[in-house]
Amino acid sequence: MPKALSHIALIVAHPTRTADLLIGVFPDARVLRGEDTEDSHPEVIIALAGLEFALIRGNGPASRNGDHIAFAVTKEEQLACARRMDELALDYQMAREDTALYFSDYDNHVFELEVVED
């Protein structure tokens, strides 16, 4: 049986641009492998929240739907990310009495920052 998630793969138009966005929002995100445009499978690998995210060049979802990736954060972390999103002019929505913050990347992938206090 599975013990943990290995990675999450997202299809994006511009892997480096999406990596830059996620690094701009999450200060602990870091690039593990940059995009090689000569590769037949161009992708950027980033580390975030103890997982690897493979950002693979291609056509992402045509529209947003209910699929999303949710990260557990403290209220302070959520507000700090919101400030960075404001600096990046990135739209986001607060929900559930401000315990959830939703934002999308350039390719309609939705992310949630859910306040989970210990």
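**Briefing: salt bridges, sheet and pocket**

At 31% relative accessibility, E114 counts as partly exposed, because that value falls between the 20% limit for buried and the 50% limit for exposed. The model is predicted. E114 belongs to a salt-bridge network with R96 and E112. The whole structure holds 4 salt bridges. A four-stranded open sheet and a pocket of about 180 Å³ complete this briefing.

**The R96 network**

- E114 pairs with R96 in a salt bridge, with 3.6 Å between the closest N and O atoms.
- E114 sits in strand β8 and R96 in the loop between β6 and β7, so this salt bridge ties together parts 18 residues apart in sequence.
- E112 also forms a salt bridge with R96, where the closest N and O atoms are 2.5 Å apart.
- This second pair again links distant parts of the chain: E112 lies in β8 (residues 110-115), and R96 lies in the loop between β6 (92-95) and β7 (100-104), 16 residues away.
- E112 is buried, at 4% relative accessibility.
- R96 is partly exposed, with a relative accessible area of 41%.
- Shared partners join R96, E112 and E114 into one network.

**The R33–E43 salt bridge**

- R33 and E43 meet through their side chains in a salt bridge of 2.2 Å, N to O.
- R33 is in strand β2 and E43 in strand β3; the two residues are 10 apart, and the pair links distant parts of the chain.
- R33 is partly exposed, at 44% relative accessible area.
- E43 is buried, at 12%, because buried means under 20%.

**The open sheet**

- The sheet has 4 strands in the order β1-β4-β3-β2, with mixed pairing.
- β1 (7-12) and β2 (30-33) are the edge strands, each pairing on one side only.
- Neighbouring strands are turned by 30° against each other on average, direction ignored.
- β3 (residues 43-48) and β4 (residues 51-57) pair in the antiparallel sense over 6 bridges.
- E43, the salt-bridge partner of R33, stands opposite I56 in β4.

**The largest pocket**

- The volume of the largest pocket is about 180 Å³.
- Its lining comprises F26, P27, D28, L48, A49, F71, A72, V73, E77, C81 and R84.
- β5 (69-73) and α2 (75-87) each supply at least two residues of that lining.
- By class, the lining has 8 nonpolar, 3 charged and no polar residues.

Technical notes
Residues are numbered from 1 along each chain as its sequence is written. This is a predicted model: local features need pLDDT of at least 70, side-chain atom pairs count only at pLDDT 80 or more; totals for chains, interfaces and linings use all residues. Side-chain values use heavy atoms; hydrogens and water are left out. Two strands pair if DSSP finds at least two bridges between them. Axes are lines fitted to C-alpha atoms, for helices over the stretch in contact, and angles run from 0 to 180 degrees between N-to-C directions. On a 1 Å grid over the protein atoms alone, a cavity is a set of points where a 1.4 Å probe fits but cannot get out, and a pocket is an open set with protein on both sides within 12 Å along at least five of seven lines; lining residues have an atom within 4 Å of a point. Grid points are joined across faces, edges and corners, and a volume is the space filled by probe spheres set on the points. Ala, Val, Leu, Ile, Met, Phe, Trp, Tyr, Cys and Pro count as nonpolar, Asp, Glu, Lys and Arg as charged, and the others, Gly among them, as polar. Buried means under 20% relative accessible area, exposed over 50%, partly exposed in between (1.4 Å probe, protein chains only).
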